[in-house]
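Thank you all for coming. I would like to walk you through one structure this morning, going slowly, since some of you have not seen it before.

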Amino acid sequence: MRPIKLNLSAFGPYGAIESIDFREATDAGLFGIYGPTGSGKSSIFSAIAFALFGEGAKEEQGIGTMRSDFADDALLTEVSLQFELGSKRYYVRRIPDQPRPKTRGEGQTMQPHAAWLFDVSSVAIDDVSPDCCGIPLAERKVGDVGRLVEELLGYGAQQFRQIVLLPQGRFERFLVSNSKDRLEILRELFDVSLYRKLTEKLKADAADVRREIEDGYRLNGQRLAVEGFASSDELSAGIASALEQFELSRLAVAETSAVLTLANDAFAAAVSQEKLFVEVDAASAALEQLEGKLPEFEVVRARKSRAELARRMADLDNGLMDARMRHGSAVTAQADASEAEVRARDAASVASASLAELRSHEDEIETLGRKVDEMGRHKQVLVDSAERRAEHDKALGALDSAKQGYDQAVSDQQQADRSFEEKSAAVAAAQRDALERHSLIRRRDSLKIELDGAHAHHSASQALEKAQAEYDSAAAAAMDAQTRHHHAGEEEAAREGDYISAQASVLAERLEDGAPCPVCGGSDHPNPAHGTGDAGLLEKAWRGAQSASIAAAKIDREAQSRASSAKATLDARQATLSGLVVPQRGISEIEAEYHHALAAIDKLGDIVDLTLLAKEVDELRDRKLMAATKLLQANSTLGDATTAEALSRQGYADRIASVPEALRDATVLQAAIDAARADLERRKKAISDALERDQSSQATLIKAEAAHQTASTLLNECAGEVESKRATFDARLIEFGISEAAYRSAIPDVALIGELEGSIAEFDRELAAARGRQTAARNNVGSAERPIMEPFRLSCSQAQAAADEASRHSAEARQKHRSLLDLQTSLADELENLQSLEQASGSLRGLAEAFDGQNELRTTLETFAIGAMFDQVLEAANLRLDPMTGGRYRFERDSVSVGGRSKRGLDVRVHDIQTGRAREIITLSGGETFIAALSLALGLSDVVEMTHGAIRLDTIFIDEGFGSLDTENDAGTLDQVLQVLQDIVGERRSVGLISHVPLVQQAVPNGFSVRKGVNGSVIESRLQ
């Protein structure tokens, strides 16, 4: 990642808008960012970190602290960064959470955190802005922007602080981190997830196999236990017992089957004999039932005879019914015709009366026609006066416009007068405030210088006191740690002597004359060792004392390092305090006067431009004169419009004087004409309709009278026909000797004559068959006695139950034997499979345990891979450390003993060529620690970029630390460090240095300067 442009707005110490163009600086390779302490150099990199990740350069720096105290309330805090990544360019922009003034009304509202990310590869670098930002990748959503930035860069905020931005006082953390913390950092930087996933996969597969084997053995035991066996031998004995039980059950089945056969044969013979007696009973019952129906069928035969007579009477009865129906219809028709004649006569009377009534009002129709003609003439008058009406409406509009213009002119003149008076008063007040402000500002600046000096002296005094206390504490702790280290060494030597003496005595007890010594190999043993005590306990005591001695040595080294560091800090604090001027007054007194001056300045308000105010007064004076002129013109226009309106109104009134007041509106007049015409047409149509109804009702009356006469004649004819048909029907009844009631009751049976004949014949056949069946059944029985069935049935049931029980026992015994055989076979197959699986998976389980750290070195595969990568980091770091230290120091990994083997962890030491020994990092001086940390960070950056194709470290930044090189190693070491950094630049990478050391500024002139002022800091370019 190579930064191109950084824009800051109200960020940190920068109260206004600042822009940094990195192009020429990164092209130069090695550049610096310089400025006094507290000017805001590190804030530049907080801005870069915030733009990319939404976090500061320091983890503990919250977003709320990024708002500048020097910025105006209306200026929002905002950061944007344009950066290059390979052949692509991106533009990221962020606005943090912050209060801002409301757009409407007073008070403040909260501006939420928002972020944007764009691809600006197709946009010129200098054209990129919030309004011209290429292709959007994510907008406003903070989480989406952060995720995409991390995907593009290949690392997150924590790794950014470790390998790209080395923050002030923090880039030594990785150097002094313990193995656990360093492991977490390296795990995130190097993608060794493949080894972790492989280990987890092998562990899961091995666990599955192990679980499968255990479940298989457990299931076999459960299956035996369910059948009641504790072992396979018991199962074999159970199979033999089940076979014996099955053979016995088969004999029982044969015996019960024979008994069942005899019982069934006896029962079958009894059933056959019983069927003959059952047939006799059934035949007698059937005959008795049929003979009981004889009276019923005599009635049926009588119904058949009457039905045949009724069939012969049907033709005369139908004729009589037809005549009666025609007579009834004639009666109804004669009544309907009579009613229709009455209705027609009444309707004719009503129509004649209505026509006479309407004709009595024909004179009103003539009057209404004359009224319509008169209103037509009024309408023509209105049409002829339309031009005068338009002229009057135009005059009214002009009058209204003139009134509005006059009112506006009056309002404008009053407003111009007020504005001129107010602005004149403001000019006078601003002139007074300007004089007073100039005096207060000079006093404020003088007090600020005095106050800053007092604060600096007070802070330096406090820092000196704190450094003195820390040094006293560290010196005492160092003395105590040194004493404890000496005592622990003596204790270790004593315990080791005891242990060696006890071990020697054990060996001496086994010496034999003439036999070689297992230690020296000699055959003579002139002075065997004599010791006491348990060798095992003494070894344990020696090991404990040895661990305590090692721990005491480490504590001693750390304590000596802290004491040395505290002494250096104390000396620096004393030098700082001696270089400051002692204040003449107290801080509280100066602050009170300073704040009083600030309050007086704030009370005066914003600075006013007097030249602009004077110009505004002149403009308002001209505006006042112009408003007075416009008022005179508006007054004249209003008088002319009033006269024109009065003349046009009178001319229009004279023109329409002949038209009644109520009809002068054209719409009202037209509505009256339409209503009169409609009434006229309605009256004429009513007379026409009444005449038509009168003629129609007279014709209807004539037709009704003729229909009534015809219906009366037909009624008389039908009455005569009914009398003739009735006489013929009565003569036929007498002839057949049947009454009319008997005939009527027999009519339904006429349709059933065939059915009645069939039922009678069927009954006769069934009666004859039943009598024959009874005779045959009695002959079949003869003289035999009827058997009792219950004893035979009970015997069969008992025999069947016994046979079923024997069969069930036999089937159960057979199934038991077969199931035990199947279980034996299944268990044998399963045991063979489990043994094969256990043998085949042995390598898998061993490999999974080894990868998971269950090996002699107690190291997981992932940790081993990270250690291999860390070796590359140390090799790359040594390429930087060697020239920076003149070949004196070299990094190496620490080793610990595990189970008799040497295990290399992630702890780091430096090998000192001068002493030939390895040293702990904490024993290095301040300058040496800076060089070591810088070398390790540069090596880490090299390996990360080399091994991770998605990560490009085109630019890295180093914040402070060069001051320690000057104070401890003079300028020679600084030159060596800068030369190594210059070599890195030669490897296509640019490096930015943040420093206040003059020698660094002289050696690296290219870059930027941060200048601190009373209104915030300003960034200036230093490019040569």
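How many bridges join strand E16 to strand E17? There are 6 bridges between E16, which covers residues 1007-1013, and E17, which covers residues 1016-1021, and the two strands run antiparallel. With 2 residues between them, E16 and E17 form a hairpin, and within this pairing Ser1009 stands opposite Glu1020 of E17.

Before going further, please keep in mind that what you are looking at is a predicted model. The secondary structure of the protein comes to 23 helices and 17 strands, and of its 1024 residues, 35% are buried. If we take the contacts with a separation of 6 or more, 76% of them are accounted for by residues 24 or more positions apart.

Let me turn now to a sheet. Here 6 strands, in the order E2-E1-E4-E5-E8-E9, form an open sheet with antiparallel pairing. At the edges we find strand E2, residues 14-21, and strand E9, residues 135-139, each of which pairs on one side only. On average, and ignoring direction, neighbouring strands of this sheet are turned by 15 degrees against each other. As general background, strands of a sheet pair through backbone hydrogen bonds, either parallel or antiparallel.

One pairing in this sheet can serve as an example: strand E5, residues 88-95, and strand E8, residues 114-119, pair in the antiparallel sense over 6 bridges, and Val92 has Leu117 in E8 as its bridge partner. Helix H2, which spans residues 41-53, packs on the sheet and touches strands E1, E2, E4 and E5, with its direction making about 105 degrees with that of E1. Helix H3, residues 142-153, also packs on the sheet, where it touches E4, E5, E8 and E9, and its direction makes about 40 degrees with that of E8.

Two residues in this part of the chain deserve a closer look for their backbone angles. Ala10, which lies in strand E1, has a phi near 55 degrees, a positive value in a residue other than glycine. Arg140, found in the loop between E9 and H3, likewise is not a glycine and yet has a positive phi of about 70 degrees. Are these residues buried or exposed? Ala10 counts as buried because its relative accessibility is 0%, whereas Arg140 is partly exposed, with a relative accessible area of 48%.

Next, the nonpolar cores. The largest has 42 residues, and those with the most contacts inside it are Leu6, Ile44, Ile48, Leu52, Leu153 and Phe160. Helix H2, which we have just met on the sheet, gives the most to this core, with 9 residues. Leaving aside residues up to four places away in sequence, Leu6 touches a list of residues that includes Ile20, Phe22, Ile44, Ile48, Val79 and Leu81. There is also a second, separate core of 40 residues, and among its members are Tyr889, Ile921, Ile958 and Val997.

I would like to finish with the helices, and with two pairs of them in particular. In the first pair, the axes of helix H8, residues 232-291, and helix H17, residues 753-781, come within 8 Å and cross at roughly 155 degrees. Because the angle is over 145 degrees, H8 is roughly antiparallel to H17, and their crossing is left-handed. Among the residues that meet here are Leu276, Phe277 and Leu287 in H8, and Phe763, Leu767 and Val781 in H17.

In the second pair, helix H10, residues 362-384, packs against helix H15, residues 666-736, at an angle of about 155 degrees, with the axes 9 Å apart. H10 and H15 are therefore roughly antiparallel to each other, and H10 passes H15 in a left-handed crossing. Residues of H10 including Ile365, Leu368 and Val372 meet residues of H15 including Leu669, Ile673 and Leu680.

One last position: where does Ser473 lie? Ser473 belongs to helix H11, residues 386-509, and is partly exposed, with a relative accessible area of 48%. From C-alpha to C-alpha, Ser473 and Ala566 are 9.3 Å apart in space, although 93 residues separate them in sequence.

Methods: Residues are numbered from 1 along each chain as its sequence is written. This is a predicted model: local features need pLDDT of at least 70, side-chain atom pairs count only at pLDDT 80 or more; totals for chains, interfaces and linings use all residues. Side-chain values use heavy atoms; hydrogens and water are left out. Two strands pair if DSSP finds at least two bridges between them. Helices (H or I, at least four residues) and strands (E, at least two) are DSSP runs, numbered from the N terminus. Axes are lines fitted to C-alpha atoms, for helices over the stretch in contact, and angles run from 0 to 180 degrees between N-to-C directions. Contact means heavy atoms within 4.5 Å. Buried means under 20% relative accessible area, exposed over 50%, partly exposed in between (1.4 Å probe, protein chains only). A nonpolar core is a set of buried Ala, Val, Leu, Ile, Met, Phe, Trp, Tyr and Cys residues joined through side-chain atoms within 4.5 Å. Angles under 35 degrees count as roughly parallel, over 145 as roughly antiparallel, 65 to 115 as roughly perpendicular and the rest as oblique. A crossing is left-handed if the near helix is turned anticlockwise from the far one by less than a right angle, and right-handed if clockwise.
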